[in-house]
Structure formats: C-alpha cells, structure tokens
Amino acid sequence: FFFFISFLLEMSGSSELNASSLRQLEVEGYSGVISALFAQGELTWRKEQLLQEIRWALRIPDDLHQREMQRVHSDSMLGQIRQNSAKDVYFPGVKPSDPANNQEDFTA
C-alpha cells in the first residue's frame with residue numbers, strides 16, 4: 001500500500017495526489033474492507049452499518065459495490081479463509097461460548 005502511495009507521489013511530481021489517484025485509493029480501500037468483512041464470515045448488522053458508512057465516505061456507487069460483492073463471492077481464497085474462520089481456525093483457542101471470551105458485554 002505504501003509503495004503504491006510513494007509511486008503515485010513520484011508520478012505526480014508533487015506532494016498532492018491528483019483526483020484520479022485519490023479515486024484509485026478510495027476504490028482499493030473499499031475493496032480491501034469488503035474482502036476483510038467477507039472473509040470474517042457472516043455480515044452482521046453492525047458490519048453492514050459500517051460498510052454503508054464507508055461506502056458514503058469513499059463515494060462508492062451501487063454498481064461498484066455489486067461488482068465487489070460478486071468478486072468476493074467468487075474468490076476461492078477468501079472463501080477458504082471465511083470457511084476456516086467459521087470453524088474457529090482463524091483464531092485458534094478462542095471459544096465463542098466461553099464467557100471469559102465474551103467481548104460483547106461492555107457493561108461489566
């Protein structure tokens with residue numbers, strides 16, 4: 001990622017990114033976020049809300065969002081990561097049913 005930014009800075013000849021470079025960063029950022037959320041497993045309402053806010057912030061139109069959804073669903077590597085994380089392989093040793101690992105309860 002940082003290589004890409006330094007490359008863009010060299011190509012632009014200044015410290016400011018031009019509009020097309022910014023757009024490319026926005027699209028690549030959204031692509032990374034949607035890949036990570038898909039790989040984590042089920043899209044909860046909190047993740048959906050976060051994704052919607054990111055779409056607004058990065059100016060992602062519906063057609064690009066649909067293409068990204070198709071991409072993640074057809075990506076076999078992301079599918080494998082998603083399947084493994086659902087089997088508790090991604091975070092070995094953490095049992096969701098263990099009350100000591102319950103991070104949802106912030107009132108205690």
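Which residues in α2 meet which residues in α3? To find out in this predicted model, begin by selecting helix α2, residues 19-40, together with α3, which covers residues 45-58. On the α2 side, colour Arg23, Glu26, Gly29, Tyr30, Val33, Ile34, Leu37 and Gln40, and on the α3 side colour Lys47, Leu51, Ile54, Arg55 and Leu58, since these are the residues with which the two helices meet.

Keep both helices in view and turn to how they are arranged. Two packed helices are described by the angle between their axes and the distance between the axes. Here α2 and α3 pack at an angle of about 170 degrees, and their axes lie 10 Å apart; because angles over 145 degrees count as roughly antiparallel, that description applies to α2 and α3. If you recolour the contact of α2 with α3 by class, you will find 7 nonpolar, 2 polar and 4 charged residues.

Next, follow the chain out of α3 into the loop that leads to α4, and select Arg59, which is placed there. Although Arg59 is not a glycine, its phi is positive, at about 55 degrees.

The last stop is His65, in helix α4, which spans residues 62-74. Is His65 buried or exposed? Its relative accessibility is 12%, so His65 counts as buried. Display the residues around His65: apart from neighbours within four places in sequence, His65 is in contact with Tyr30, Ile34, Leu51, Arg55 and Ile60. Among these, Tyr30 deserves a separate selection together with His65, as a polar contact of 2.6 Å joins their side chains. Tyr30 also brings you back to the start of the tour, being one of the α2 residues that meet α3.

Technical notes: Residues numbered from 1 in each chain as written. Predicted model: local features only at pLDDT ≥ 70, side-chain atom pairs only at ≥ 80, totals over all residues. Heavy atoms only, no water. Helix = DSSP H or I, 4+ residues; strand = E, 2+ residues; numbered from the N terminus. Buried < 20%, exposed > 50% of the residue type's maximum accessible area, 1.4 Å probe, protein only. Polar contact = N/O pair within 3.5 Å; in protein donor to acceptor, adjacent residues only side chain to side chain. Contact = heavy atoms within 4.5 Å. Axes fitted to C-alpha atoms, helices over the stretch in contact; angles between N-to-C directions. Parallel < 35°, antiparallel > 145°, perpendicular 65-115°, else oblique. Nonpolar A, V, L, I, M, F, W, Y, C, P; charged D, E, K, R; others polar.
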